[in-house]
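Thanks for making time this morning. I would like to walk you through one structure, and I will ask you to keep it open in front of you while I talk.

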Amino acid sequence: MTPLDPDETYYWMYAGQLDWGYFDHPPAVAVLIALGRDWLPGSFGLRFGHVLAGCATLTGLYYLLDKPKGKSLWTLAALAAAQPMLEVYGFIATPDGPLLLFTTLYLLAYRRFLQRPGYLLGAVWGLTMAALLYSKYHGLVLMLFSVLPNLGYLIRSPAAWVAVVTGVALFFPHLYWQYSHDYPSFRYHLSGRDDPYQFKYTLQYIINQLLIFSPFLLYHYVRTFTGDHARDRFERSLRWLVAAILVFFLYTTTKGRTEAQWTALLSIPLIYLTYRAVQRFPSWRYLLVRLCWLTVGILMVARLLLMAPRTWLPFEKPFDHQPWVERLQEIAGDTPVIVENSYRFASLYEFYTGGKPAWTFTDVAYRPSQYDIWQRDTLYHDHPVYLLGQANWNYSNLDTFLTQKGSMRLRRIDSFQLVTDVRLDLELPATSSDELRVYATAPRNIDLAGSLPIRLFLINRLPSGDYEYEQLTGIKVNYLRAGAPTLLYAGRPAGKIMNFDGVKELSVGLAYRGMPPLRDQSPTIEMQ
């Protein structure tokens, strides 16, 4: 009954094509969605697997804390219910749901291994390592910081090496998928998300951390670390884990914006450490439990507001994308919708229309997605489509279309020409008297001068990561035939890019009229 976050429908698209990996994330989120996708209706089917995972997370916590009873069980229930991240990702279908589940199971297996190291428990611990990494790459940070305090002990333990070998072996299919697709996830996460530093990134991170674990419990978290000491290897590991992950993601704010949920997995060790502290200091319980239920009350109000019909609310309902999708379907009917630079909108459209065809393409003004790996867009070549462009699309006879987030531009294209998979090769001039040449290899016949004309652009990637581009006028042909390379352009660009003082990272790309050029259609060549 809660509206879908656009990313949920994107992962719903994942679940329709199960694989060992995806551009943005490992496959656990897709597997959970697939559990209910095809036999339960709408949002319930999409979220069913994550509701099961949320229940399993709570069950794992119960066993992690030695199956408490009586007042101790109520203390655990209050702590768990007061964790905003457990509330949200107990049903929202994102990779954080399986991450929280396998964080719990990993810590349970790790604790039992430290208590009774053995080959069988080592293999089980290794299984949870692989499951963590299949959930989200943040699992690697969890594993690293949780073993650091006991690293010397673990290195000398043969059973710990069984865990490592088991984890690597079980994760190998995903690594092979990355290899066979040229490591798209690793290249994106390690280099594709860097932004120039701004102090607001650090400030936002600090504020988010004060909120996402309940600010009412901050006093008890601090007392847990300052007024008590670790009693065994496992508690020492959890203390290291909490401190190290908070510092690690604080450091990442120097690389760009961080997402609040990146530290969500700390909900589990915080519950464990706080619960153990209350056991040792029973006088804490009275205030702590009441602060927990205060947090629960606020969370329940927020969830009820998200569930309420939109006509009951005096403000715009968050994530309420269904109305604009229905309006767009009334316009498009059964005609496919192609969206510029929004994998979220493409997946929202396909979900809320019950499978009406939609797709997206990516130009240099946006980042790639799983849609750039899939090939279904070949179905739309030479067919009529509705093209939903960004607000800056500059072309004739465009209609303004309002989504929940703002205005976009819409136009029917009678014969859409798919050019995202056209291969371009760039030959730079060797001397000032030589011409720059561009060759195009098309997998199908393409009309460059059709109902939506296609242009050619020279692109320079700046040191900041942004792109500048300029049109190459005077292309040699207006029609590409499938097969052999075709000389598309030969000339001396007169714009500022070739006169840029410094190292240039040059490439070329085709562009639909009035839009930026598409990304990654040619190799990038450095030129002084």
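What follows is a tour of salt bridges, backbone angles, cysteines, one helix, one buried acid and one surface patch.

Please keep in mind throughout that this is a predicted model.

Let me begin with the charged pairs, since the count comes to 20 salt bridges, and I will go through a few of them. Arg276 forms a salt bridge with Asp66, and the closest N and O atoms of that pair are 2.7 Å apart. The pair links distant parts of the chain, because Arg276 sits in helix α15, residues 267–280, while Asp66 lies in the loop between α3 and α4, and 210 residues separate them. The two partners also differ in class: Arg276, at 9% relative accessibility, counts as buried, whereas Asp66, at 42%, counts as partly exposed. Arg276 and Asp66 also belong to a network, in which salt bridges that share partners join Asp66, Arg111 and Arg276.

While we are at Asp66, I would draw your attention to its backbone, for Asp66 has a positive phi of about 65° although it is not a glycine. Most residues other than glycine have a negative phi, so this angle is one to look at with some care. Asp520 is another such case, with a positive phi of about 60°, and it is likewise not a glycine. Asp520 is found in the loop between β13 and β14, the latter being residues 525–527, and with a relative accessible area of 64% Asp520 is exposed.

Returning to the salt bridges, Asp96 pairs with Lys136, with the closest N and O atoms 2.7 Å apart. This pair, too, links distant parts of the chain, with Asp96 in helix α6 and Lys136 in the loop between α7 and α8, 40 residues apart. Are these two partners buried or exposed? Asp96 has 3% relative accessibility and counts as buried, and Lys136, at 5%, counts as buried as well, since the cut-off for that class is under 20% relative accessible area.

The pair of Glu468 and Lys496 is a salt bridge in which the closest N and O atoms are 4.0 Å apart; the criterion asks for a side-chain nitrogen within 4 Å of a carboxyl oxygen, and I would therefore read this pair with that cut-off in mind. Glu468 is in strand β10, residues 467–471, and Lys496 is in the loop between β12 and β13, 28 residues apart. Here Glu468 is buried at 15% relative accessibility, while Lys496 is exposed, with a relative accessible area of 61%.

Against those pairs, consider Glu340, which is found in strand β1, residues 337–340. Glu340 is buried yet has no salt bridge, and the nearest side chain of opposite charge, that of Arg409, is 9.7 Å away. What does Glu340 touch, if we leave out residues up to four places away in sequence? Its contacts are Thr360, Phe361, Asp363, Leu388, Gly389, Gln390, Met515 and Pro516.

Now to the cysteines: how many disulfides does the structure hold? The number is zero. Cys55 is in no disulfide, and the nearest cysteine sulfur, that of Cys292, is 20 Å away, which means that the pair lies outside the 2.5 Å limit for a disulfide. Cys55 is partly exposed, with a relative accessible area of 46%, whereas Cys292 is buried, at 0%.

For a view of packing, let us take helix α2, residues 28–37, whose buried residues are Ala28, Val29, Ala30, Leu32, Ile33 and Gly36. These buried residues pack against four helices, namely α1, α3, α6 and α7.

Finally, on the surface, a nonpolar patch of about 900 Å² is made by Tyr197, Phe199, Leu203, Ile206, Ile207, Leu210, Leu211, Leu218, Val222 and Leu250. Helices α12, residues 199–212, and α13, residues 218–226, each supply at least two residues of the patch, and the largest share, six residues, comes from α12. One of these is Ile207, which has its place in α12 and counts as partly exposed at 42% relative accessibility.

That is where I will stop, and I am glad to take questions.

Definitions and conventions. Residues are numbered from 1 along each chain as its sequence is written. This is a predicted model: local features need pLDDT of at least 70, side-chain atom pairs count only at pLDDT 80 or more; totals for chains, interfaces and linings use all residues. Side-chain values use heavy atoms; hydrogens and water are left out. Patches are made of residues with over 30% relative accessible area and no salt bridge: like charges are joined within 9 Å, nonpolar side chains (Val, Leu, Ile, Met, Phe, Trp, Tyr) within 5 Å. Accessible areas come from the Shrake-Rupley method with a 1.4 Å probe; for residues, only the protein chains shown count as cover. Buried means under 20% relative accessible area, exposed over 50%, partly exposed in between (1.4 Å probe, protein chains only). Lys and Arg count as positive and Asp and Glu as negative; His and the chain ends are not counted. Contact means heavy atoms within 4.5 Å.
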